[in-house]
Amino acid sequence: MAANVYVQTPLTEYQIYIKNSYDELAFAIQTTNLCGYTAVIITDEIVDRLYTFSIRELLLRIFTNVYAAVIPAGETNKNHETLIALYHKLQEFHADRQTVIFALGGGVVGDVAGFCASTYMRGIPYVQLPTTLLACVDSSVGGKTGVDLGNSKNIIGAFYQPQFVYINTSAIQSLPPEQFSAGMGEVIKTALIRDAELYEYIRDNREAIRNREETPLSTVIARTCRIKAKIVTADEKETGVRAILNFGHTFGHSLESLSGFGISHGHSVMHGCRAAMYLSKLLGYDIKDHYLSDLTELLEFFGLSRLSSEYPPDLLYDKMFEDKKTKNGELNFVLITDIGFAQIYKNPTKKAVFDAIQYMMDYR
Ligand SMILES: NC(=O)c1ccc[n+]([C@@H]2O[C@H](COP(=O)([O-])OP(=O)(O)OC[C@H]3O[C@@H](n4cnc5c(N)ncnc54)[C@H](O)[C@@H]3O)[C@@H](O)[C@H]2O)c1
């Protein structure tokens with residue numbers, strides 16, 4: 001089993017446990033001195049049916065009261081209504097400042113539960129128990145929490161670090177193929193910006209990874225987490241290097257948003273990675289022709305499907321300005337100079353961005 005990963009920020013530090021069962025969860029809680037009176041599992045209706053019972057049993061060894069607050073599944077519920085309903089639940093459970101929230105689920109649960117924890121009574125402790133591949137390698141690590149407002153993604157939120165993250169890689173086995181595929185998008189994105197060896201490993205072990213064999217699966221999870229943890233440790237609040245994690249996201253977010261979240265976050269990022277690699281080539285970086293075809297083939301192998309609707313390039317372009325990464329009306333893009341190396345490119349020409357959008361949209 002992969003070694004644990006460690007995150008350190010200016011105000012806190014925490015472990016990311018990478019295990020293949022929940023057997024050591026109680027140990028992790030005790031090690032973190034989280035032995036309070038009340039625990040609240042926040043989860044969604046799908047994950048609730050799969051894992052709440054066993055997690056509750058485990059938590060009852062440590063906490064006197066263990067409650068579950070179940071939210072509806074899906075991105076369209078990552079909003080303030082869900083948040084308010086959770087605050088009411090916490091009040092109903094008499095949650096206090098020692099209460100610990102366990103965010104059990106994918107990125108939607110993690111983001112909403114984390115933001116709920118950051119604001120309830122001005123902040124109570126929470127733990128991330130990610131159950132999607134995307135949440136394991138990305139959203140559970142680094143303390144970004146929040147909700148959407150209308151079609152604007154993550155526009156209300158806070159940086160609020162968990163007490164620890166506990167990944168049970170076997171939970172990935174129950175994930176539907178399209179969710180697994182979306183998670184692989186973030187894994188591949190991370191390899192593209194920081195780890196050429198991981199990119200090769202994914203290409204060489206694609207069958208075994210797609211079959212979710214334990215060793216390659218935990219290898220890619222651990223390696224991707226390690227990169228994310230290192231970047232967050234260097235730049236918690238995204239004032240510098242953390243921005244490179246947004247490779248593919250400026251294109252991806254506008255597609256996700258324009259599709260009314262019909263295209264998932266993970267798949268939007270996959271489309272966005274193609275566009276961002278294309279833009280990197282257009283702007284003169286040494287991106288070989290086969291890099292684009294290799295990437296498209298790899299993403300397809302992991303389930304990327306062609307776009308079924310046409311989204312007008314000018315609307316996609318305009319949407320980009322709603323992104324949080326936009327500064328003073330200028331679009332900044334994360335581009336790659338080669339596989340494994342990323343940098344920020346400020347304010348490329350409108351034509352280059354349009355061409356990259358068109359490249360993304362031509363994948364139909
Ligand atoms: N905070 C961050 O740094 C960060 C980073 C990346 C993405 N995100 C956010 O993450 C969200 C996407 O997360 P996601 O892709 O995990 O989606 P999700 O949370 O919507 O989960 C996808 C689906 O899988 C189901 N599911 C979860 N675990 C399961 C399991 N083990 N078995 C079977 N079904 C399971 C869920 O019920 C849901 O229906 C987006 O809102 C995105 O903005 C946040």
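A salt bridge is defined here as a side-chain nitrogen of Lys or Arg within 4 Å of a carboxyl oxygen of Asp or Glu. The model is predicted, and local features therefore require pLDDT of at least 70 and side-chain atom pairs pLDDT 80 or more, whereas totals for chains, interfaces and linings use all residues. Residues are numbered from 1 along each chain as its sequence is written, and side-chain values rest on heavy atoms, with hydrogens and water left out.

By the salt-bridge criterion, the structure holds 21 such pairs. One of them joins the side chains of K153 and E256, at 3.2 Å from N to O. This pair connects distant parts of the chain, 103 residues apart: K153 belongs to strand 8 (residues 152-159) and E256 to helix 10 (residues 249-258), where helices (H or I, at least four residues) and strands (E, at least two) are DSSP runs numbered from the N terminus. Both K153 and E256 are buried; buried denotes under 20% relative accessible area, exposed over 50%, and partly exposed the range in between (1.4 Å probe, protein chains only). A further salt bridge is formed by the side chains of E75 and K78 (3.9 Å, N to O), and these two residues are likewise buried. A contrasting setting is found for E310 and R364, whose side chains meet at 3.4 Å (N to O). E310 lies in the loop between helix 12 (289-301) and helix 13 (313-320), and R364 in the segment after helix 14 (350-361), so the pair ties together parts 54 residues apart in sequence. E310 is exposed, at 61% relative accessibility, while R364 is partly exposed, at 43%. Through shared partners, salt bridges unite E75, K78, D111, K153 and E256 in one network.

Buried residues constitute 58% of the 364 residues in the chain. The largest nonpolar core (buried Ala, Val, Leu, Ile, Met, Phe, Trp, Tyr and Cys residues joined through side-chain atoms within 4.5 Å) comprises 75 residues, of which I16, I188, L192, I202 and F251 touch the most other members. Helix 9 (residues 214-234) makes the greatest contribution to this core, with nine residues. A second, separate core contains 25 residues, among them Y22, V47, V66 and A171. Beyond neighbours within four places in sequence, the contacts of L192 (heavy atoms within 4.5 Å) include Y199, F247, C273, M277 and L295. I336, D338, I339, G340 and F341 are also in contact with L192.
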